Amino acid sequence: MPSENGALVHLHDVHKIYHRDRIEVPVLQGINLDVREGEFLALMGPSGSGKSTLLNLIAGIDTPTQGEVRVAGESLGTLKPSRLAAWRARHIGFIFQLYNLIPVLTAFQNVELPLLLTRLSARERKKRVLFALGLVGLEGRAKHFPRQLSGGEEQRVAIARAIVADPTLLVADEPTGDLDARNAAEILTLLKRLNEELKKTILMVTHDPHAAESAHVIFHLDKGVLQP
Amino acid sequence: MKYLGLIFANLMRSKRRTFLTVFSIAIALFLFCTLRTVITSFEASLRASQATRLVVRHAASLVFPLPLAYRERLSRVPGVTGISYGNWFGGFYQDPKNQFAQFAMDVPTFLDLFPEVILPAGQAEAFRSERTACIIGAALARKYGWKLGDQIPIMGTIFPGEWRFVVRGIYTGQTKDVDENTLFFHWDYLNESLPEGRKSLVGIYWLRIASPDLAASVSGRVDALFENSPQPTKTETEKAFQAGFISMIGNVQLLLTIIGSAIVFAIMLVTINTMMMAARERTTEIAVLKTLGFSDGLILRLVGGEALFLSLLGGGLGCGLAALVFRESDFTGGGFFPNFRVLPETVLLGLVLAALMGLLSGVAPAVQAARLQVASALRRVA
C-alpha cells in the first residue's frame, strides 16, 4: 500500500519538539523521507540525534509536532488511538534494542502475542508461531522462557515476534546494540534474509557502521536534520 | 478466552504476592460471610417465630421466674386458646465448650403449641411417657452422633449437677428456619429434682391466640392481670420477644455491617496498592504490548481482569471456606445462633462484593496502564 508517490513510508516536513520543564527541545527539524517497498534502510547518527524518535513516529507510537507521516497508505496523524493500535498490529513489526520479551511468557507465547489480536484459531496461531520460530532457527526453544535464552536467542525470538503477523514494515531500533559481535552478525544476516527472501521492508536505526552496511540505503541524522 | 493465559502468567509473576493478596481477600470474605451469617441466623429466628404465639415473662427481666400458679389464670384470659411453659436450662455436654440450648418444657402442652417441631411417628408418645426422656434436633444429633435410646449427661449451670436424659425423639423443623440444635426435656423432671425454694417456678409462658390481630389486646389483658402482683409480667409476640432478646446486645445488625464493611474496605485498599504496584512494575511490558498493537481498551481489560480474577478467586475461597467450616462444625454459638449456616444468598453476596472489590481495585491501575504513553515509557528504559 504505497503512497501517491509510490513510497511505503512518506515523511513530509516532520518536526518533533519535546518539552522538558518549560524548555522546548527540538529533536527533529523538517524531516523529508521516502522509503520504498522492499527497501532496507539504515538510519545512523550519534546519541540524541533523534533516530529513535524518527523510528517511533514511523511506527505510529509517537506523533509529530508538525508535518505529515504517511505509512502504508495511512496518514498517521489522522488516526484515533484505537485505530492507530489496530494499524500498528497490521502493519508494523518492531524490534527493540533490549529485546523486550515478556519474561513470564515462553518464547512461543511471546511470538504468539501479535497473533492474539487477529481472528486466527489457536491451531492456525500455533502453525504460524512455529513457522516464525523456524525462520529464526529457534523451533526447538519454543517452551523456553527468556531467562533461559542467550541475548542473541532472545533477539531472534523478538524478530520472530516482529514478523509472525506478516507486517508491512519492520522497524528495528539498534537491534544489535546489546549483542556481541558474533550474535550481532547473526542478527544482521537474519534481517538481510528477511529483506531479500521475504521482501520485507526494513528500517533500522544503528550507530554501528558495520551494521549499517547490511542496508541498501543509509541516512544520517544529526541534530534532528536528515542527510543522505 | 485467548487472553486468559496472559492474565494467568502475569499473576504468577510474583507467586508470593499473588498468594498473599488472594489470602487476604479470602480472609476478608470469610469474615464477611461469618458476620453476615450472624445476622441471617437472627433473622431466621425471627422468621421462625409464630405470629399467633405470645411470650409472657417477668416484667423486670428474664432472670426472674414467674409462679406456676399463673398458668390457670393465664389460660382463662379471653383470646388465649392454648398455653405451655418452660425454663431455659443452660447446661453443657461433657465440656463447657459444648454448649447448646436446652429447655425444660411442659411436655403435655409443648408439642401442641409448637407444631413446627416435627417428630416421626411414635416418638412423640415415647417422649411424653417417660419422665427422663428428651428430644433433640436433627442437627444436634448429627453433631454429637446421638441416636434414639442414647443417654445424654448434661452438666447444669443454672440448675447444678449432672442431669441424664434418654433420647426418645429426633425432631426436624417444619421450615429451614426452625432451629434443630435444641434439646427439650420434661419440666416436671426438672421441677421435682429442685430444692423446695426453687420449685414451681417458670421462666416463660407461651400463649397461643386465635389470631395475630388479638396480640395487642391479649397482651394488654395479661399484663393488666398481674400489674400489681409481686411478679408483674411483660407479654409480647414471639417475634418482638426474639427481636428484644437480640437487641439486648445492641444494634447488632448495624455493628456487624460496619465491621464487615470496614474489613472489606481495608482489604480493598491493600488490593488496590498491590495492583498499582504490579502495573507500575510492568510499565515497559505494557508499552511493548501497545507497540505490538494492543489497544488502550484491551490493556485496560487485561489489567482490570487480573484484579477481578484475584478478587473472585479470593472471594470464592473465603466464601466457600465459610460455608464449609460452618456446615461441618455445626457451630451454634452456645445456642445463641441456632441454624448458623452460611446461606447461598450470603455466598452470592460475598462473590458480588468480591467482584466489586476486584473492579474497584482494578480501575486505577488499569486506567494508568491504558493511558501509558508508549514512546515516553520506552524512552525511560532505553
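Visitor: Where is the place of B:Phe340?
Guide: Welcome! This is a predicted model, in which local features need pLDDT of at least 70, side-chain atom pairs count only at pLDDT 80 or more, and totals for chains, interfaces and linings use all residues. Residues are numbered from 1 along each chain as its sequence is written, while chains are lettered from A and ligands numbered from 1 in the order in which they are written. Helices (H or I, at least four residues) and strands (E, at least two) are DSSP runs, numbered from the N terminus, and B:Phe340 has its place in the loop between H12 and helix H13 (344-370) of chain B.

Visitor: Is B:Phe340 buried or exposed?
Guide: We count the other C-beta atoms, placed from the backbone, within 10 Å of the residue's own: 20 or more is buried, 12 or fewer exposed, and in between partly exposed. B:Phe340 has 22 of them within 10 Å, so B:Phe340 is buried.

Visitor: What separates the C-alpha atoms of B:Phe340 and B:Phe326?
Guide: Along the chain, these two residues are 14 residues apart. In space, their C-alpha atoms are separated by 7.0 Å.

Visitor: How many residues of strand E10 of chain B are buried?
Guide: E10(B) covers residues 182-186. Strand E5 (residues 101-105) of chain B pairs with E10(B) in the parallel sense over five bridges, and strand E7 (residues 133-137) of chain B pairs with E10(B) in the antiparallel sense over three; two strands pair if DSSP finds at least two bridges between them. E10(B) is largely enclosed by the rest of the structure, because its buried residues number five of the five.

Visitor: Which residue stands opposite B:Phe184?
Guide: E10(B) has partners to look through: in one, B:Ala101 stands opposite B:Thr182. For B:Phe184 in E10(B), the residue opposite is B:Ile135.

Visitor: Which strands stand at the edges of the six-stranded sheet in chain A?
Guide: The sheet is open, with mixed pairing and the order E6-E7-E8-E3-E9-E10. An edge strand has a single partner strand, so one side is left without a neighbour in the sheet, and this holds for strand E6 (92-95) and strand E10 (225-227) of chain A.

Visitor: Which strand does E6(A) run parallel to?
Guide: A:Ile95 stands opposite A:Ala172 in E7(A). Four bridges join E6(A) to its parallel partner, strand E7 (residues 169-173) of chain A.

Visitor: Which elements cover the buried residues of helix H2 of chain A?
Guide: In helix H2 (residues 81-91) of chain A, the buried residues are A:Leu84, A:Ala85, A:Arg88, A:Ala89 and A:His91. The cover comes from both chains: it includes strand E4 (66-71), E6, helix H3 (107-116) and E7 of chain A together with H11 of chain B.

Visitor: Which element gives the most to the side of chain B that touches chain A?
Guide: The contact (C-beta atoms, placed from the backbone, within 7 Å) takes 22 residues from chain B and 22 residues from chain A. On the side of chain B, the elements giving two or more residues are helix H1 (4-11), helix H11 (283-292), helix H12 (296-329) and helix H14 (374-381). With six residues, the one that gives the most is H11(B).

Visitor: How far apart do the C-alpha centres of the two domains of chain B lie?
Guide: With bounds from an automatic or database domain assignment, chain B is divided into domain 1 (4-45 + 251-381) and domain 2 (60-231). Their C-alpha centres lie apart by 46 Å.

Notes
Contact = placed C-beta atoms within 7 Å.
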